Amino acid sequence: MASAHGLMRGAALLLLLLGCLAVSGAAADADDKIAEYKQDFMDFDLNKDDQIDVQEVRAQFKGDLDPKELHQFFIDCDKDNSGTVTLKEYIDYAATLPDSPEAAQ
């Protein structure tokens, strides 16, 4: 028969293990999101200069993007005001967006 101390230690180890698994799962989710953001960035970076400019964004949306939305995107993303968006700027911006329309509610 297990002692009370042994049961408590076992329960503590189980909780620790579950916590580690949760953190590991969250890290994997974060890695997946960053990989998704990088792929999105590469898809927009048509000339492969590691920057997204206004023309590249317009080309991807084929003219279906409101000029005000385009302007707001660059205000939100282009933190160094260079006129282009770097991968880091894009990831920082994308990480602030809700995952789905339901998350925004």
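The following exercises, each with a worked solution, concern a predicted model.

**Exercise 1. The faces of α3**

Task: Which residues of α3 are buried, and how are they arranged about the helix axis?

Solution:
1. The buried residues of α3 are Leu70, Phe73, Phe74 and Cys77.
2. Viewed along the axis of α3, these buried residues fall within an arc of 90 degrees, so they line one face of the helix.
3. The general background is that an α-helix has 3.6 residues a turn, so residues three or four places apart point the same way.
4. On the other side of α3, Lys68 and His71 are exposed.
5. The cover over the buried residues of α3 includes β1 (51–52), α2 (54–61), β2 and α4 (87–94).
6. At the start of α3, the backbone nitrogen of Lys68 has a side-chain oxygen of Asp66 within 2.7 Å.

**Exercise 2. Surroundings of Thr84**

Task: Determine where Thr84 lies, whether Thr84 is buried or exposed, and what its side chain contacts.

Solution:
1. Thr84 lies in the loop between α3 (67–77) and β2 (85–86).
2. Its relative accessible area is 15%. The cut-off for a buried residue is under 20%, so Thr84 is buried.
3. A polar contact of 2.6 Å joins the side chains of Thr84 and Gln51.
4. Not counting residues up to four places away in sequence, Thr84 touches Gln51, Ile52, Asp53, Phe74, Asp78 and Glu89. One of these, Phe74, is also among the buried residues of α3.

**Exercise 3. Surroundings of Glu56**

Task: Is Glu56 in helix α2 buried or exposed, and which residues is Glu56 in contact with?

Solution:
1. Glu56 is part of helix α2.
2. With a relative accessible area of 5%, Glu56 is buried.
3. Leaving aside neighbours within four places in sequence, the contacts of Glu56 are Phe44, Asp45, Leu46, Asn47, Asp49 and Gln51.
4. For Leu46, the side chain of Glu56 reaches the backbone nitrogen at 3.0 Å.
5. For Phe44, twelve residues from Glu56 along the chain, the separation of the C-alpha atoms is 6.1 Å.

**Exercise 4. Aromatic pairs**

Task: How many aromatic pairs does the structure hold, and what is the geometry of Phe41 with Tyr90 and of Phe73 with Phe74?

Solution:
1. There are four aromatic pairs in the structure.
2. For Phe41 and Tyr90, the ring centres are 6.3 Å apart and the planes meet at 45 degrees, so this pair is tilted.
3. Phe41 belongs to helix α1 (residues 4–44) and Tyr90 to helix α4, so the pair ties together parts that are 49 residues apart in sequence.
4. Phe41 and Tyr90 are both buried.
5. Phe73 and Phe74 form an edge-to-face pair, at 5.3 Å centre to centre and with 90 degrees between the planes. Both Phe73 and Phe74 are buried.
6. Ring pairs link Phe73 and Phe74 with Tyr93 into a cluster.

**Exercise 5. The largest pocket**

Task: What is the volume of the largest pocket, and which residues and elements line it?

Solution:
1. The volume of the largest pocket is about 310 Å³.
2. The lining of the largest pocket has 18 residues, of which Asp40, Phe73, Tyr90, Tyr93 and Leu97 are the closest to the centre.
3. Two or more lining residues come from each of α1, α2, α3 and α4.
4. Among the elements, α1 gives the most to this lining, with five residues.
5. Comparison with Exercise 4 places residues of the aromatic pairs here: Tyr90 is among the closest to the pocket centre and pairs with Phe41, while Phe73 and Tyr93, also among the closest, belong to the cluster with Phe74.

Notes
Residues numbered from 1 in each chain as written. Predicted model: local features only at pLDDT ≥ 70, side-chain atom pairs only at ≥ 80, totals over all residues. Heavy atoms only, no water. Helix = DSSP H or I, 4+ residues; strand = E, 2+ residues; numbered from the N terminus. Buried < 20%, exposed > 50% of the residue type's maximum accessible area, 1.4 Å probe, protein only. Polar contact = N/O pair within 3.5 Å; in protein donor to acceptor, adjacent residues only side chain to side chain. Contact = heavy atoms within 4.5 Å. Arc of directions from axis to C-beta. Phe/Tyr/Trp six-rings, centres within 6.5 Å; stacked < 30°, edge-to-face > 60°. 1 Å grid on protein atoms, 1.4 Å probe; cavity = no way out; pocket = protein on both sides within 12 Å on 5 of 7 lines; lining within 4 Å. Points joined across faces, edges and corners; volume = space filled by probe spheres on them.
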